[in-house]
Amino acid sequence: MANGLRLLYAYLTALAVGAATVRAYGFPDCASGPLKNNTVCDVTKDPITRATALISLWTDEELTNNTVNASPGVPRLGLPAYNWWSEGLHGVARSPGVTFAPSGPFSYATSFPQPILMGAAFDDPLIRAIATIVSTEGRAFNNAGRAGLDYWTPNINPFKDPRWGRGQETPGEDPYHLSQYVYNLIIGLQGGLDPKPYFKVVADCKHFAAYDLDNWEGVVRYGFNAVVSQQDLSEFYLPPFQSCVRDAKVASVMCSYNAVNGIPSCANKFLLQDVLRDYWGFTDDRWVTSDCDAVQNIFTPHNYTSDPAQAAADALLAGTDIDCGTFSSTYLPDALQRGLVNATDLRRAAIRQYASLVRLGYFDPAESQPYRQLGWSNVNTPQAQQLALTAAVEGIVLLKNDGVLPLSKRVRKLALIGPWANATGLLQGNYQGVAPYLVSPLQGAKEAGFEVEYAIGTNVTTANDRSGFAAAIAAAKRADAIIFAGGLDETVEREEVDRLNVTWPGNQLELVAELERVGKPLVVAQFGGGQLDDTALKHSRAVNAIIWGGYPGQSGGTALFDILTGKAAPAGRLPITQYPAAYAEQVPMTDMSLRPSKTNPGRTYKWYSGTPVYEFGFGLHYTTFAFSWAAPGIAADASPDPSFRGPARSYSIAELVARGRKSAAFLDLAPLDTFAVRVTNTGRATSDYVALLFVSGSFGPAPHPKKQLVSYTRVHGLAPRQSKIAELTVTLGAIARADENGEKWVHPGTYTIALDTDGALKHTFTLTGAATKIATWPSDKSW
């Protein structure tokens, strides 16, 4: 959101918190109000017909007034004001559309970990369960008049550049992973796959498109032009949006601040019409909102139009239905008078919005809707609390361990040191709500039964002040073991703040070096959304273990010590690459290309030509595993099938495509095969295991990615000597490559699939026949 809206939001929040009895939302009265005889109140009609009947009654002034997120409604028709902007990234969150009570009912909501940590769990059923709880709590808040029905979440821009301040809001860097994550999230939020008769809430996939720069070296998102090839759009930047829109049927999309190839996203007909509506089938009971003040940004600083009315008109005509801000309601009357837009254009946008509200049951009797019965008793339930803890535990990643973890029973006194050691609000990251409680690492240590001596030592960004070191060193000398909790925070990574490097900020590593010299077992717990160069910690023998915990939410401290003590075993995987510090000097954030070149070492694990400190998908365990191929569908405790000789060694492209045309809605979703892996716990600790399946080979256009993720699943609760089957379905889309025009092809050639980052189990097969196009791509006529 832009600065002006930040101030407005701060004012509205303060006002709302001070008024405990405020009801920000109402519902139209279809029983006895002015609309009772209008078709909008006829539950037998379809949403578009109902919305059209309502909008046909609006005057031109009412049409232009209601083009913004803070819609005033139409009082003469009994249509209440409505704020389209509520937030729910990892729980119902503070936003212009959400009002938390100062105390008592609706004074808090469950606060899950940030998506970057939830993404590290690689557990799609977990994501769906979390989204189901968020939408339940969102509906409960709405029924109390404290939230809207439209939640502007999730952020599914791939976390391509490690310096991006908003990467914490995303599930990670891999588009296949993001596509699976967002599919499950949208199903949970909206209450099913395009559910009838009612959406639970409306979700919003953002930021469309190619947005991963906020403010870097003086380049700001409001006027940045992202130059992106059609190949990279099709293959990297847009697959999560395709999954969200085409497959999960999300009900709204947000266009981004930046321009794409010279045209601001919110005025970009190629994105908003050709791709979104025509190619992916985004129907007219779904709407597009701008990011906040992004319509104004079309005029300045993009300077795409010569006057503001033209900018408002261009956004509307391109397909931006709601302006988050006031620019459109201010300038569309002028645009209408000048003939830049007409009433039909305005009605089209309004119909889309209100058809969506029809699908939310906005005009229907409350007694006929189960979602309208949800209340305070459905918020922060024991199930929600447990799921918040589970999500944090599942996402935590063990990066290094020389055997010091889990902590020995002989360790009773801890020195807990660092800027995250007593963190509370910091556990939530951004786009957060009011949590019911926040368990700091310090509290988590005490609840785990340790005697704890806490010393902050230094802050995240403190550079020239070592005054806290002495107390930290003294505490370390008196302890059996040392936990240093540090990393990043919102002073260095957040919306509108990108980093200039990927090194540890301030003098945190200087303090760690002093702690190393104490000679006690030393664990570094690294927090934050982006990764930091851990080279020094990785190679230091005095640093016994490193774990990464993202922003772990309301139960972060409990989750941390569940892992450290062995009450739970780590099984999370890095959802992003940890680059060496030199990476930040090798490519500017403004370079949107992915493949390596003379000026770019390559982006993400697929293309990076250097050696990462820790690679995408890396994560250690407290136990060991053995793997073997199994026949798909076989029970884990069944004897091996003697006729099974391993996965197929050859596939006919023509046969795969022919079967896919019969079985799948889209060819890219058609299966190649399901690869089953028998996972056996050969160690002593019960543990989950995340099965990541990668493919590599010299198929398709050069250069070729080093490897790419094609399937994953999480095996739960694998006890010592127990085996379970991980079934990994690979689709044609997962192995396809995009050509320069963005069209997807399956190519003949030799393919190698590998389990895990170290290739613990491999299999090579060939695809035979001619290269076959499995997906077209719209032509961008603006080029």
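A disulfide is taken here as a pair of cysteine sulfur atoms within 2.5 Å. The model described below is predicted, and by this rule it contains 4 disulfides. With bonded cysteines counted along the chain, the disulfides follow the pattern 1-2, 3-4, 5-6, 7-8. The points below take up three of these links, and then turn to backbone features at two prolines and at two residues that are not glycines but have positive phi.

**The link of Cys-30 and Cys-41**

- Cys-30 is joined to Cys-41 by a disulfide with an S to S distance of 1.9 Å, and the angle of -70° about the S-S bond makes this link left-handed.
- The pair links distant parts of the chain, with Cys-30 and Cys-41 placed in the loop between α1 (3-17) and α2 (47-55) and lying 11 residues apart.
- Cys-30 counts as buried because its relative accessibility is 18%, a value that falls under the 20% cut-off for burial.
- Cys-41 is likewise buried, its relative accessible area being 14%.

**The link of Cys-205 and Cys-244**

- The sulfur atoms of Cys-205 and Cys-244 are 1.8 Å apart and form a disulfide, which is right-handed, with 85° about the S-S bond.
- Because Cys-205 belongs to strand β4 (residues 202-208) and Cys-244 to helix α8 (residues 239-247), this disulfide ties together parts that are 39 residues apart in sequence.
- Cys-205 is buried, with a relative accessible area of 0%, and Cys-244, at 0% relative accessibility, also counts as buried.

**The link of Cys-292 and Cys-324**

- Cys-292 forms a disulfide with Cys-324, the two sulfur atoms being 2.0 Å apart, and the 65° about the S-S bond gives a right-handed link.
- Distant parts of the chain are linked by this pair, since Cys-292 sits in the loop between β11 (287-290) and α10 (294-299), while Cys-324 sits in the loop between α11 (308-318) and α12 (327-337), 32 residues apart.
- Both Cys-292 and Cys-324 are buried.

**Cis peptide bonds before proline**

- Thr-153 and Pro-154 are joined by a cis peptide bond with an omega of about 15°, and Pro-154 is located in the loop between β3 (150-151) and α6 (175-190).
- A cis peptide bond also runs from Ala-702 to Pro-703, where omega is near -5°, and the place of Pro-703 is in the loop between β21 (687-696) and β22 (708-718).

**Positive phi at residues other than glycine**

- Asn-380, although not a glycine, has a positive phi of about 50°, and this residue is found in the loop between α13 (343-359) and α14 (382-395).
- Asn-380 counts as buried because its relative accessibility is 10%.
- Asp-756 has a positive phi of about 75° and is not a glycine either; Asp-756 is found in the loop between β26 (749-755) and β27 (761-768).
- With a relative accessibility of 11%, Asp-756 counts as buried.

Conventions
Residues are numbered from 1 along each chain as its sequence is written. This is a predicted model: local features need pLDDT of at least 70, side-chain atom pairs count only at pLDDT 80 or more; totals for chains, interfaces and linings use all residues. Side-chain values use heavy atoms; hydrogens and water are left out. Helices (H or I, at least four residues) and strands (E, at least two) are DSSP runs, numbered from the N terminus. Buried means under 20% relative accessible area, exposed over 50%, partly exposed in between (1.4 Å probe, protein chains only).
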